[in-house]
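Got your viewer open and a selection box ready? Let's walk through this one stop at a time, picking a piece and seeing what sits around it.

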Amino acid sequence: MDLKSNHASPVLTEASPINKSRRGLRAKLLLCSAPSASFLPGLLLTSPKMKHAILDDVRSATWLDAMKSSSPPPKLITKDIDNDIGASEPDVAYQTWMLKYPSALLSFEQFANSAKGKRIVLFLDYDGTLSPIVEDPDRAFMSDDMRKAVGKAAKCFPTAIISGRSRDKVFEFVTLPELYYAGSHGMDIRGPVRPPSSDDHPNSIRSTDKQGKEVNLFQPASGFLTMIGEVFASLVEATKDIDGVIVENNKFCVSVHYRNVDVKSWDKVVACVGGILKEYPHLRLTLGRKVLEVRPVIDWDKGKAVMFLLESLGLSKCEDVLPIYIGDDRTDEDAFKVLREGNQGFGILVSSGPKESSAYYSLRDPSEVKEFLNSLVIWKKSSAL
């Protein structure tokens with residue numbers, strides 16, 4: 001797999017990270033210095049027309065329109081005249097949508113037939129997949145039953161969490177040392193030690209975790225730490241008077257949560273973020289579930305993180321390997337696309353409403369994810385008999 005792009009890359013200085021990620025911090029507004037650089041060669045994406053931060057996947061629509069369009073409308077209820085039973089129009093639409101994205105639970109037998117003789121590798125998003133979406137991102141706790149389900153699955157299959165959160169934060173939530181973890185949308189990976197090869201990445205570092213196990217740390221955006229820290233502090237200061245905004249430092253990206261902001265104030269959030277990012281041409285803006293995320297403009301995403309981890313496990317060129325990626329957000333689409341285009345695995349979208357995806361299957365919510373993981377474990381144990 002070619003992880004390099006053909007774009008030229010300027011150089012950014014590497015610095016120590018800023019670890020604070022809490023609401024209400026009164027940070028001093030920091031001005032952006034001109035980028036001078038030092039990071040993984042070939043990964044920086046450049047665009048001669050880029051003058052401001054880019055909102056991915058939104059071309060003609062404005063940021064505000066995109067934020068509103070990503071928020072689900074209120075449910076419309078219609079009545080069955082004969083039975084006087086309330087039927088939700090979105091539920092009808094969801095059932096129709098499932099014809100294209102069948103339930104991974106209802107289609108488990110079909111899935112199991114496809115998995116026969118294969119070595120499954122599990123990749124899991126966190127928020128909205130293993131835990132519910134909550135108003136306070138610091139309280140997105142997974143249930144004990146979900147933790148048990150993930151732990152049992154990890155005993156049967158190599159399992160990794162790939163999240164937009166910082167790697168340390170998502171580990172605090174999951175607390176399962178036997179898993180591999182990738183934070184910051186795959187820009188901060190703690191994975192297995194890669195076998196020596198000529199294509200080792202310069203930003204890979206061998207280390208030892210708290211359990212004494214040798215691991216590999218890979219951080220392709222390490223040169224952006226100072227810049228991300230500056231933007232985090234600036235955004236905290238700029239949004240401090242907007243009720244409900246939470247700015248979170250996820251090490252190699254910054255998340256601006258507007259879930260608790262009155263919709264009438266969303267334009268203020270957009271103005272604050274856009275006003276700051278126009279001074280940072282090497283950062284881009286992406287839209288998640290009620291969150292704006294500031295990320296480095298490098299050719300790296302969750303899809304590349306999946307391929308990196310498969311390579312690290314020595315499973316990237318094996319025909320008997322079946323990667324499964326379960327996620328709920330737009331950023332997970334990069335992983336779905338990699339698996340679909342390579343015809344080498346299945347993406348499973350977690351969604352309670354219809355939306356276009358590159359996934360093969362669907363699950364409605366984290367409770368169904370837990371049920372699917374438990375079903376996988378039962379199937380694995382029974383097939384070994």
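Before the first selection, one term: two strands count as paired here if DSSP finds at least two bridges between them. Also keep in mind that this is a predicted model.

**Zoomed out**

Start with the whole chain in cartoon. The protein chain has 10 helices and 15 strands. Of its 385 residues, 52% count as buried. Among contacts with a separation of 6 or more, 66% are between residues 24 or more positions apart.

**Stop 1: a four-stranded sheet**

Select β9, β10, β11 and β12. They form an open sheet in the order β9-β10-β12-β11, and the pairing is antiparallel. At the edges sit β9 (246–249) and β11 (283–287), each pairing on one side only. From one strand to the next, the twist averages 20 degrees. Now add residues 225–238: this is helix α6, which packs on the sheet and touches β9, β10, β11 and β12. The direction of α6 makes about 165 degrees with that of β9.

If you like to see what holds such strands together, turn on the backbone: strands of a sheet pair through backbone hydrogen bonds, either parallel or antiparallel.

**Stop 2: β12 and its two partners**

Narrow the selection to residues 291–296, which is β12. On one side, β10 (residues 254–257) pairs with β12 over 4 bridges. Two pairs to label are His-257 with Val-291 and Val-254 with Val-294. On the β11 side, β11 and β12 are antiparallel over 5 bridges, and here Leu-285 has Val-294 as its bridge partner. Follow the hairpin of β11 and β12 around its turn, where there are 3 residues between the strands, and pick Lys-290: its phi is positive, near 60 degrees.

Show side chains next. In a regular strand they alternate between the two faces of the sheet. Are the faces of β12 covered or open? Both are covered: Val-291, Glu-293 and Arg-295 on one side and Leu-292, Val-294 and Pro-296 on the other are all buried. That makes 6 of 6 residues buried in β12.

**Stop 3: Leu-292**

Stay in β12 and center on Leu-292. Why does Leu-292 count as buried? Because its relative accessible area is 1%, and the cut-off for buried is under 20%. Beyond its neighbours within four places in sequence, Leu-292 is in contact with Met-67, Val-254, Ser-255, Val-256, Tyr-258, Val-269, Val-273, Leu-285, Thr-286 and Leu-287. For a long-range link, draw a distance to Trp-63: the residues are 229 apart in sequence, yet 9.6 Å apart C-alpha to C-alpha.

**Stop 4: β13 and its parallel neighbours**

Jump to residues 321–327, strand β13, where 7 of 7 residues are buried. One side carries Val-321, Pro-323, Tyr-325 and Gly-327, and the other carries Leu-322, Ile-324 and Ile-326.

Which way do β13 and β3 run relative to each other, parallel or antiparallel? Strand β3 (residues 119–124) runs parallel to β13, joined by 6 bridges; look for Ile-120, whose partner is Leu-322. Add β14 (residues 346–350), which pairs with β13 in the parallel sense over 4 bridges. Gly-327 is matched there with Leu-349. Include helix α9 (residues 333–341) and you have a right-handed β-α-β unit made of β13, α9 and β14.

**Stop 5: Asp-332 in the loop**

Between β13 and α9 there is a loop, and Asp-332 is in it. Loop or not, Asp-332 is buried, with a relative accessible area of 0%. Leaving out neighbours within four places in sequence, Asp-332 is in contact with Asp-125, Lys-302, Tyr-325 and Gly-327. Ser-357, 25 residues away along the chain, has its C-alpha 9.5 Å from that of Asp-332.

**Stop 6: α8 against α9**

Lys-302 also leads to the last stop, as part of α8's contact with α9. Select helix α8 (residues 302–312) together with α9: their axes come within 6 Å and cross at roughly 55 degrees. The two helices are therefore oblique to each other. From α8, show Lys-302, Gly-303, Val-306 and Met-307; from α9, show Asp-334, Ala-335, Val-338 and Leu-339. Color them by class and the contact has 5 nonpolar, 1 polar and 2 charged residues.

How values were computed:
Residues numbered from 1 in each chain as written. Predicted model: local features only at pLDDT ≥ 70, side-chain atom pairs only at ≥ 80, totals over all residues. Heavy atoms only, no water. Axes fitted to C-alpha atoms, helices over the stretch in contact; angles between N-to-C directions. Contact = heavy atoms within 4.5 Å. Buried < 20%, exposed > 50% of the residue type's maximum accessible area, 1.4 Å probe, protein only. Right-handed = clockwise from strand over helix to strand, strands pointing away. Parallel < 35°, antiparallel > 145°, perpendicular 65-115°, else oblique. Nonpolar A, V, L, I, M, F, W, Y, C, P; charged D, E, K, R; others polar.
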